[in-house]
Amino acid sequence: MKTTKLLQSAAIALVIIIATVGCGAAKTAVPPTAAPVVTSGGYTIPVAKCAPNCTYKDMTAGFIQTGSESGWRAANTSSFKETATQLGINLKFYDAQNKIENQVSAFHQFNTDASVNVIILAALDVTGYDTVLAEAKANGKVVILEDRRIDAAPSNYYTYIGSDFVEEGHKVAAAMCDLLKDSVKKNVVEISGAVGASAAIDRAKGFREKIGDCGIVITESQTGNWGVPESKAVMEAFLKKSTDIQGVFGHNDEEAIGAIQAIDEAGLKAGVDIKTIGVDATADGFKYLITGELNADIECNPLLAPQVYEAALKAMNGDTSIPTWVPSNEGQFFASQGADALKAILATRKY
Ligand code: GYE
(Lines give C-alpha, C1' and ligand atoms only; values in the text may rest on other atoms or scores of the structure.)
Protein backbone atom coordinates (compact mmCIF):
# COMPACT_ATOMS: atom_id res chain seq x y z
CA MET A 1 0.00 0.00 0.00
CA LYS A 2 2.67 2.43 1.15
CA THR A 3 4.77 1.64 -1.97
CA THR A 4 1.88 2.43 -4.30
CA LYS A 5 1.36 5.82 -2.64
CA LEU A 6 5.07 6.54 -2.96
CA LEU A 7 5.03 5.57 -6.63
CA GLN A 8 1.95 7.75 -7.27
CA SER A 9 3.38 10.95 -5.78
CA ALA A 10 6.70 10.25 -7.54
CA ALA A 11 4.74 10.02 -10.81
CA ILE A 12 2.90 13.35 -10.20
CA ALA A 13 6.12 15.05 -9.23
CA LEU A 14 7.68 13.63 -12.39
CA VAL A 15 4.76 15.03 -14.46
CA ILE A 16 5.10 18.47 -12.90
CA ILE A 17 8.87 18.30 -13.37
CA ILE A 18 8.40 17.25 -17.03
CA ALA A 19 5.66 19.95 -17.43
CA THR A 20 7.79 22.59 -15.85
CA VAL A 21 10.88 21.45 -17.60
CA GLY A 22 8.72 20.90 -20.61
CA CYS A 23 7.28 24.37 -20.10
CA GLY A 24 10.59 25.46 -18.84
CA ALA A 25 12.08 23.82 -21.81
CA ALA A 26 9.37 25.46 -23.91
CA LYS A 27 10.04 28.79 -22.23
CA THR A 28 13.73 28.48 -22.53
CA ALA A 29 13.54 26.75 -25.90
CA VAL A 30 14.55 29.45 -28.32
CA PRO A 31 11.60 29.94 -30.68
CA PRO A 32 12.58 29.24 -34.27
CA THR A 33 13.89 32.46 -35.85
CA ALA A 34 10.86 33.40 -37.95
CA ALA A 35 11.81 34.88 -41.30
CA PRO A 36 11.50 38.70 -41.19
CA VAL A 37 8.11 39.86 -42.42
CA VAL A 38 8.71 42.54 -45.05
CA THR A 39 6.22 44.81 -46.85
CA SER A 40 6.26 45.63 -50.57
CA GLY A 41 8.01 48.87 -49.58
CA GLY A 42 10.86 46.95 -47.93
CA TYR A 43 9.73 47.70 -44.37
CA THR A 44 10.50 44.90 -41.86
CA ILE A 45 7.43 44.67 -39.66
CA PRO A 46 8.13 44.40 -35.91
CA VAL A 47 5.46 41.72 -35.54
CA ALA A 48 3.86 41.81 -32.10
CA LYS A 49 4.08 38.91 -29.66
CA CYS A 50 0.28 38.55 -29.72
CA ALA A 51 0.37 37.95 -33.49
CA PRO A 52 -1.45 36.64 -35.39
CA ASN A 53 -4.32 37.19 -32.95
CA CYS A 54 -3.62 40.74 -31.77
CA THR A 55 -6.71 42.86 -31.18
CA TYR A 56 -7.20 46.62 -30.69
CA LYS A 57 -7.02 46.00 -26.95
CA ASP A 58 -3.37 44.99 -27.43
CA MET A 59 -2.58 48.31 -29.13
CA THR A 60 -0.96 51.28 -27.40
CA ALA A 61 -0.57 53.99 -30.03
CA GLY A 62 1.65 57.03 -29.65
CA PHE A 63 0.12 59.73 -31.88
CA ILE A 64 2.23 62.76 -32.87
CA GLN A 65 -0.04 65.54 -34.18
CA THR A 66 1.20 68.71 -35.93
CA GLY A 67 -0.71 71.14 -33.73
CA SER A 68 -4.17 72.71 -33.94
CA GLU A 69 -3.74 75.13 -36.87
CA SER A 70 -7.04 74.65 -38.70
CA GLY A 71 -10.57 73.24 -38.78
CA TRP A 72 -9.19 70.33 -40.77
CA ARG A 73 -6.68 69.60 -38.01
CA ALA A 74 -9.33 69.71 -35.30
CA ALA A 75 -11.41 67.17 -37.23
CA ASN A 76 -8.34 64.96 -37.73
CA THR A 77 -7.54 65.01 -34.02
CA SER A 78 -11.13 64.20 -33.04
CA SER A 79 -11.16 61.33 -35.51
CA PHE A 80 -8.17 59.72 -33.74
CA LYS A 81 -9.35 60.35 -30.19
CA GLU A 82 -12.96 59.23 -30.77
CA THR A 83 -12.06 56.16 -32.82
CA ALA A 84 -9.49 55.03 -30.22
CA THR A 85 -12.16 55.19 -27.54
CA GLN A 86 -14.63 53.26 -29.71
CA LEU A 87 -12.07 50.51 -30.50
CA GLY A 88 -10.58 50.29 -27.00
CA ILE A 89 -7.12 51.42 -28.14
CA ASN A 90 -4.81 52.95 -25.52
CA LEU A 91 -3.99 56.27 -27.21
CA LYS A 92 -1.10 58.50 -26.09
CA PHE A 93 -1.81 61.76 -27.93
CA TYR A 94 0.84 64.46 -28.38
CA ASP A 95 0.19 67.97 -29.81
CA ALA A 96 3.50 69.34 -31.16
CA GLN A 97 2.16 72.91 -31.40
CA ASN A 98 3.57 73.16 -34.93
CA LYS A 99 7.17 72.78 -33.81
CA ILE A 100 9.17 70.01 -35.48
CA GLU A 101 11.61 69.77 -32.55
CA ASN A 102 8.61 68.87 -30.38
CA GLN A 103 7.62 66.14 -32.84
CA VAL A 104 11.12 64.64 -32.83
CA SER A 105 11.39 64.59 -29.04
CA ALA A 106 7.90 63.09 -28.70
CA PHE A 107 8.87 60.44 -31.26
CA HIS A 108 11.95 59.61 -29.14
CA GLN A 109 9.76 59.43 -26.02
CA PHE A 110 7.44 56.95 -27.69
CA ASN A 111 10.41 54.96 -29.02
CA THR A 112 11.67 54.48 -25.46
CA ASP A 113 8.23 53.85 -23.94
CA ALA A 114 7.94 50.06 -23.53
CA SER A 115 4.13 50.18 -23.51
CA VAL A 116 3.93 51.78 -26.97
CA ASN A 117 3.78 49.35 -29.91
CA VAL A 118 2.56 51.68 -32.67
CA ILE A 119 3.70 55.25 -33.51
CA ILE A 120 1.54 57.40 -35.80
CA LEU A 121 3.07 60.59 -37.24
CA ALA A 122 1.39 63.58 -38.92
CA ALA A 123 4.60 65.12 -40.18
CA LEU A 124 5.05 68.88 -39.99
CA ASP A 125 7.95 68.72 -42.41
CA VAL A 126 9.12 66.36 -45.17
CA THR A 127 12.53 65.92 -43.51
CA GLY A 128 14.02 65.74 -40.00
CA TYR A 129 12.89 62.30 -38.75
CA ASP A 130 15.72 60.00 -39.86
CA THR A 131 17.18 59.48 -36.39
CA VAL A 132 13.91 58.66 -34.68
CA LEU A 133 12.79 56.43 -37.57
CA ALA A 134 15.98 54.39 -37.16
CA GLU A 135 15.43 54.30 -33.39
CA ALA A 136 11.86 53.04 -33.91
CA LYS A 137 13.22 50.17 -36.00
CA ALA A 138 15.78 49.31 -33.34
CA ASN A 139 13.09 49.42 -30.64
CA GLY A 140 10.52 47.33 -32.55
CA LYS A 141 7.88 50.09 -32.93
CA VAL A 142 5.44 49.95 -35.85
CA VAL A 143 5.52 53.34 -37.63
CA ILE A 144 2.61 54.65 -39.70
CA LEU A 145 2.40 58.04 -41.44
CA GLU A 146 -1.00 59.74 -41.55
CA ASP A 147 -2.08 62.87 -43.44
CA ARG A 148 1.34 64.04 -44.65
CA ARG A 149 4.13 62.17 -46.51
CA ILE A 150 7.84 62.56 -45.73
CA ASP A 151 10.98 62.35 -47.92
CA ALA A 152 12.05 58.98 -46.51
CA ALA A 153 12.17 55.55 -48.15
CA PRO A 154 9.06 53.38 -47.54
CA SER A 155 11.37 50.89 -45.82
CA ASN A 156 11.13 53.25 -42.82
CA TYR A 157 7.38 52.92 -42.23
CA TYR A 158 4.59 50.37 -42.62
CA THR A 159 2.32 52.60 -44.73
CA TYR A 160 1.30 56.21 -45.42
CA ILE A 161 -2.43 57.02 -45.32
CA GLY A 162 -3.18 60.44 -46.67
CA SER A 163 -4.40 62.55 -49.57
CA ASP A 164 -2.93 63.00 -53.04
CA PHE A 165 -2.00 66.66 -52.59
CA VAL A 166 -0.60 66.92 -56.12
CA GLU A 167 -3.98 65.80 -57.44
CA GLU A 168 -5.64 68.44 -55.26
CA GLY A 169 -3.38 71.04 -56.91
CA HIS A 170 -4.49 69.75 -60.31
CA LYS A 171 -8.13 70.14 -59.27
CA VAL A 172 -7.51 73.73 -58.15
CA ALA A 173 -5.90 74.56 -61.52
CA ALA A 174 -8.80 73.02 -63.46
CA ALA A 175 -11.37 74.88 -61.33
CA MET A 176 -9.51 78.21 -61.68
CA CYS A 177 -9.20 77.74 -65.46
CA ASP A 178 -12.94 77.22 -65.60
CA LEU A 179 -13.67 80.25 -63.40
CA LEU A 180 -11.42 82.46 -65.55
CA LYS A 181 -12.44 81.04 -68.94
CA ASP A 182 -14.08 84.34 -69.95
CA SER A 183 -11.34 86.51 -68.44
CA VAL A 184 -8.67 87.89 -70.79
CA LYS A 185 -6.21 88.25 -67.93
CA LYS A 186 -5.49 85.31 -65.62
CA ASN A 187 -3.27 86.70 -62.88
CA VAL A 188 -3.56 84.48 -59.82
CA VAL A 189 -1.99 84.95 -56.39
CA GLU A 190 -1.20 82.00 -54.12
CA ILE A 191 -1.40 81.89 -50.33
CA SER A 192 0.56 78.73 -49.64
CA GLY A 193 0.59 76.42 -46.63
CA ALA A 194 3.36 76.19 -44.05
CA VAL A 195 6.83 76.02 -45.61
CA GLY A 196 8.19 72.45 -45.62
CA ALA A 197 4.80 70.73 -45.24
CA SER A 198 4.13 68.08 -47.92
CA ALA A 199 0.54 69.36 -48.26
CA ALA A 200 1.88 72.79 -49.27
CA ILE A 201 4.75 71.53 -51.43
CA ASP A 202 2.58 69.07 -53.39
CA ARG A 203 -0.49 71.33 -53.83
CA ALA A 204 1.80 74.04 -55.21
CA LYS A 205 3.48 71.50 -57.51
CA GLY A 206 0.15 70.10 -58.77
CA PHE A 207 -1.22 73.60 -59.41
CA ARG A 208 1.85 74.63 -61.41
CA GLU A 209 1.70 71.39 -63.44
CA LYS A 210 -1.73 72.34 -64.83
CA ILE A 211 -2.02 76.16 -64.98
CA GLY A 212 -0.42 76.15 -68.41
CA ASP A 213 -3.59 74.51 -69.71
CA CYS A 214 -5.32 77.91 -69.72
CA GLY A 215 -2.51 80.43 -69.39
CA ILE A 216 -2.79 81.26 -65.71
CA VAL A 217 0.11 83.37 -64.39
CA ILE A 218 1.07 83.20 -60.70
CA THR A 219 1.94 86.82 -59.88
CA GLU A 220 2.48 86.43 -56.11
CA SER A 221 3.03 83.52 -53.71
CA GLN A 222 3.55 83.64 -49.94
CA THR A 223 2.73 81.43 -46.94
CA GLY A 224 -0.22 82.17 -44.71
CA ASN A 225 0.75 79.36 -42.34
CA TRP A 226 -2.68 77.75 -42.67
CA GLY A 227 -4.38 80.59 -40.70
CA VAL A 228 -6.99 83.33 -41.36
CA PRO A 229 -5.32 86.42 -39.82
CA GLU A 230 -1.91 85.82 -41.40
CA SER A 231 -3.48 85.05 -44.79
CA LYS A 232 -5.60 88.21 -44.61
CA ALA A 233 -2.47 90.27 -44.01
CA VAL A 234 -0.72 88.55 -46.94
CA MET A 235 -3.65 89.29 -49.28
CA GLU A 236 -3.84 92.91 -48.06
CA ALA A 237 -0.17 93.30 -49.00
CA PHE A 238 -0.76 91.73 -52.43
CA LEU A 239 -3.70 94.11 -53.08
CA LYS A 240 -1.69 97.13 -51.92
CA LYS A 241 0.96 96.20 -54.48
CA SER A 242 -1.53 95.62 -57.32
CA THR A 243 -5.26 95.05 -57.77
CA ASP A 244 -4.61 93.47 -61.19
CA ILE A 245 -5.54 90.10 -59.68
CA GLN A 246 -8.19 87.81 -61.19
CA GLY A 247 -7.89 84.84 -58.83
CA VAL A 248 -6.57 83.66 -55.46
CA PHE A 249 -5.59 80.11 -54.45
CA GLY A 250 -5.60 79.47 -50.69
CA HIS A 251 -3.91 76.18 -49.79
CA ASN A 252 -6.59 75.56 -47.17
CA ASP A 253 -9.98 77.03 -46.22
CA GLU A 254 -8.58 79.35 -43.56
CA GLU A 255 -6.17 80.90 -46.05
CA ALA A 256 -8.93 81.39 -48.65
CA ILE A 257 -11.18 82.94 -45.97
CA GLY A 258 -8.40 85.34 -44.95
CA ALA A 259 -8.04 86.40 -48.60
CA ILE A 260 -11.82 86.88 -48.92
CA GLN A 261 -11.87 89.17 -45.86
CA ALA A 262 -9.05 91.28 -47.34
CA ILE A 263 -10.78 91.48 -50.74
CA ASP A 264 -14.04 92.62 -49.13
CA GLU A 265 -12.26 95.24 -47.01
CA ALA A 266 -10.53 96.52 -50.17
CA GLY A 267 -13.99 97.28 -51.55
CA LEU A 268 -13.88 94.47 -54.10
CA LYS A 269 -16.31 91.52 -54.34
CA ALA A 270 -14.81 88.14 -53.45
CA GLY A 271 -16.00 85.43 -55.82
CA VAL A 272 -16.87 88.05 -58.47
CA ASP A 273 -14.10 90.62 -58.99
CA ILE A 274 -11.53 88.08 -57.78
CA LYS A 275 -12.21 84.32 -58.06
CA THR A 276 -11.42 82.36 -54.91
CA ILE A 277 -10.52 78.71 -54.32
CA GLY A 278 -9.70 76.85 -51.09
CA VAL A 279 -8.82 73.29 -50.08
CA ASP A 280 -10.22 71.07 -47.29
CA ALA A 281 -13.99 71.70 -47.66
CA THR A 282 -14.57 72.11 -43.95
CA ALA A 283 -17.81 73.53 -42.53
CA ASP A 284 -16.24 77.02 -42.56
CA GLY A 285 -15.37 76.60 -46.21
CA PHE A 286 -18.94 75.59 -46.97
CA LYS A 287 -20.27 78.76 -45.31
CA TYR A 288 -18.36 80.87 -47.86
CA LEU A 289 -19.37 78.59 -50.74
CA ILE A 290 -22.99 79.15 -49.76
CA THR A 291 -22.58 82.96 -49.79
CA GLY A 292 -20.73 82.70 -53.09
CA GLU A 293 -17.60 84.47 -51.79
CA LEU A 294 -15.71 81.17 -52.17
CA ASN A 295 -16.11 79.87 -55.73
CA ALA A 296 -14.66 76.37 -55.24
CA ASP A 297 -13.46 74.13 -52.40
CA ILE A 298 -11.36 71.02 -53.04
CA GLU A 299 -12.05 68.34 -50.45
CA CYS A 300 -9.32 66.85 -48.26
CA ASN A 301 -10.54 64.15 -45.89
CA PRO A 302 -9.39 64.46 -42.23
CA LEU A 303 -11.32 61.42 -40.92
CA LEU A 304 -8.41 58.99 -41.38
CA ALA A 305 -8.34 57.26 -37.97
CA PRO A 306 -10.34 54.08 -38.77
CA GLN A 307 -8.10 53.29 -41.76
CA VAL A 308 -4.92 54.08 -39.81
CA TYR A 309 -5.82 51.95 -36.78
CA GLU A 310 -6.90 49.08 -39.05
CA ALA A 311 -3.51 49.25 -40.77
CA ALA A 312 -1.72 49.38 -37.40
CA LEU A 313 -3.47 46.22 -36.24
CA LYS A 314 -2.58 44.47 -39.51
CA ALA A 315 1.04 45.43 -38.91
CA MET A 316 1.00 44.06 -35.37
CA ASN A 317 -0.32 40.77 -36.83
CA GLY A 318 2.40 40.68 -39.48
CA ASP A 319 0.08 41.35 -42.45
CA THR A 320 2.01 42.55 -45.52
CA SER A 321 -1.02 43.16 -47.77
CA ILE A 322 -1.24 46.93 -47.20
CA PRO A 323 0.39 49.09 -49.94
CA THR A 324 2.99 51.71 -48.97
CA TRP A 325 0.50 54.50 -49.74
CA VAL A 326 -3.28 54.48 -49.24
CA PRO A 327 -4.63 57.69 -50.86
CA SER A 328 -7.96 59.09 -49.65
CA ASN A 329 -11.07 59.39 -51.86
CA GLU A 330 -12.08 63.04 -52.16
CA GLY A 331 -14.48 65.32 -54.05
CA GLN A 332 -14.86 69.02 -54.78
CA PHE A 333 -17.61 71.58 -54.28
CA PHE A 334 -18.62 74.74 -56.13
CA ALA A 335 -20.68 77.84 -55.26
CA SER A 336 -22.38 77.25 -58.63
CA GLN A 337 -24.07 74.18 -57.09
CA GLY A 338 -26.34 76.66 -55.36
CA ALA A 339 -26.89 77.55 -51.70
CA ASP A 340 -29.72 75.07 -51.08
CA ALA A 341 -27.83 72.10 -52.51
CA LEU A 342 -24.69 73.07 -50.58
CA LYS A 343 -26.65 73.48 -47.33
CA ALA A 344 -28.10 70.00 -47.83
CA ILE A 345 -24.61 68.55 -48.36
CA LEU A 346 -23.20 70.43 -45.39
CA ALA A 347 -25.90 68.94 -43.15
CA THR A 348 -24.55 65.44 -43.92
CA ARG A 349 -20.88 66.21 -43.20
CA LYS A 350 -18.95 65.46 -39.99
CA TYR A 351 -16.43 68.33 -40.32
O1 GYE B 1 -5.16 71.15 -45.66
C2 GYE B 1 -4.72 72.14 -43.53
C3 GYE B 1 -3.96 71.61 -42.36
O4 GYE B 1 -2.18 68.35 -43.89
C5 GYE B 1 -4.08 68.12 -45.25
O6 GYE B 1 -3.00 70.75 -42.91
C7 GYE B 1 -3.47 68.79 -44.07
C8 GYE B 1 -3.48 70.28 -44.13
C9 GYE B 1 -4.86 70.90 -44.34
O10 GYE B 1 -3.44 72.57 -41.59
O11 GYE B 1 -5.93 72.73 -43.19
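**Exercise 1. The six-strand sheet**

Task: In this predicted model, work out the order in which six strands form an open sheet, and say which strands stand at the edges.

Solution:
- Step 1, the order. Walking across the open sheet, you meet β2-β1-β3-β4-β5-β11, and the pairing is parallel.
- Step 2, the edges. β2 (90-95) and β11 (325-327) each have a single partner strand, so one side of each is left without a neighbour in the sheet.
- Step 3, the twist. Ignoring direction, neighbouring strands here are turned by 20° against each other on average.
- Background for the pairing: strands in a sheet are held to each other through backbone hydrogen bonds, in either a parallel or an antiparallel way.

**Exercise 2. Strand β4 and its partners**

Task: Find which strands pair with β4, and how many bridges there are in each case.

Solution:
- Step 1, one partner. β3 (residues 118-121) runs parallel to β4, with four bridges between them. One contact to look up is V118, whose bridge partner in β4 is V142.
- Step 2, the other partner. β5 (residues 159-162) is also parallel to β4, joined to it by three bridges. Here L145 faces Y160 of β5.
- Step 3, the connection. Follow the chain from β3 through helix α4 (residues 130-138) into β4, and you've traced a right-handed β-α-β unit.

**Exercise 3. Which way do the β4 side chains go?**

Task: Sort the residues of β4 by the way they point, and decide whether they are buried or exposed.

Solution:
- Step 1, the expectation. Side chains in a regular strand alternate between the two faces of the sheet.
- Step 2, the sorting. V142, I144 and E146 point one way, while V143 and L145 point the other way.
- Step 3, the burial. Buried means under 20% relative accessible area. In β4 (residues 142-146), five of five residues are buried, so the strand is mostly covered. Note that E146 is among the buried ones.

**Exercise 4. Backbone oddities**

Task: Locate a cis peptide bond, then find residues other than glycine with a positive phi.

Solution:
- Step 1, the cis bond. Omega is near 0° for the peptide bond from A51 to P52, which makes it cis. P52 sits in the loop between α1 (2-28) and β1 (60-65).
- Step 2, W226. Its phi is near 65°, and the residue belongs to the loop between β7 (217-223) and α7 (228-241). W226 has 6% relative accessibility, so it counts as buried.
- Step 3, D280. Phi is near 125° for this residue, which is part of strand β9 (residues 275-280). The relative accessible area of D280 is 3%, so this one is buried too.

**Exercise 5. The cavity**

Task: How many cavities of 30 Å³ or more are there, and which residues are closest to the centre of the largest cavity?

Solution:
- Step 1, the idea. Empty space shows up when a probe the size of a water molecule is rolled over the atoms.
- Step 2, the count. There is one cavity of 30 Å³ or more, and the largest cavity holds about 100 Å³ of space.
- Step 3, the lining. Of its 13 lining residues, W72, R73, R148, R203 and D280 are closest to the centre. D280 is the buried residue with phi near 125°.
- Step 4, the elements. α2 (71-87) and α6 (198-210) each give two or more residues to this lining.
- Step 5, the chemistry. The lining of the largest cavity splits into six charged, five nonpolar and two polar residues.

**Exercise 6. The largest pocket**

Task: Which element gives the largest share of the lining of the largest pocket?

Solution:
- Step 1, the volume. About 180 Å³ of space lies in this pocket.
- Step 2, the list. A75, S78, S79, E82, T83, Q86, L303, P306 and K350 line the pocket.
- Step 3, the share. α2 supplies six residues, the largest share.
- Step 4, the classes. You get four polar, three nonpolar and two charged residues in the lining of the largest pocket.

**Exercise 7. A long-range pair**

Task: Place F165 and find how far apart the C-alpha atoms of F165 and V279 are.

Solution:
- Step 1, the place. F165 is part of helix α5 (residues 165-179).
- Step 2, the burial. With a relative accessible area of 2%, F165 is buried.
- Step 3, the separation. F165 and V279 are 114 residues apart along the chain, and their C-alpha atoms are separated by 9.8 Å.

Key
Residues numbered from 1 in each chain as written. Predicted model: local features only at pLDDT ≥ 70, side-chain atom pairs only at ≥ 80, totals over all residues. Heavy atoms only, no water. 1 Å grid on protein atoms, 1.4 Å probe; cavity = no way out; pocket = protein on both sides within 12 Å on 5 of 7 lines; lining within 4 Å. Points joined across faces, edges and corners; volume = space filled by probe spheres on them. Nonpolar A, V, L, I, M, F, W, Y, C, P; charged D, E, K, R; others polar. Buried < 20%, exposed > 50% of the residue type's maximum accessible area, 1.4 Å probe, protein only. Pairing = 2+ DSSP bridges. Right-handed = clockwise from strand over helix to strand, strands pointing away. Axes fitted to C-alpha atoms, helices over the stretch in contact; angles between N-to-C directions.
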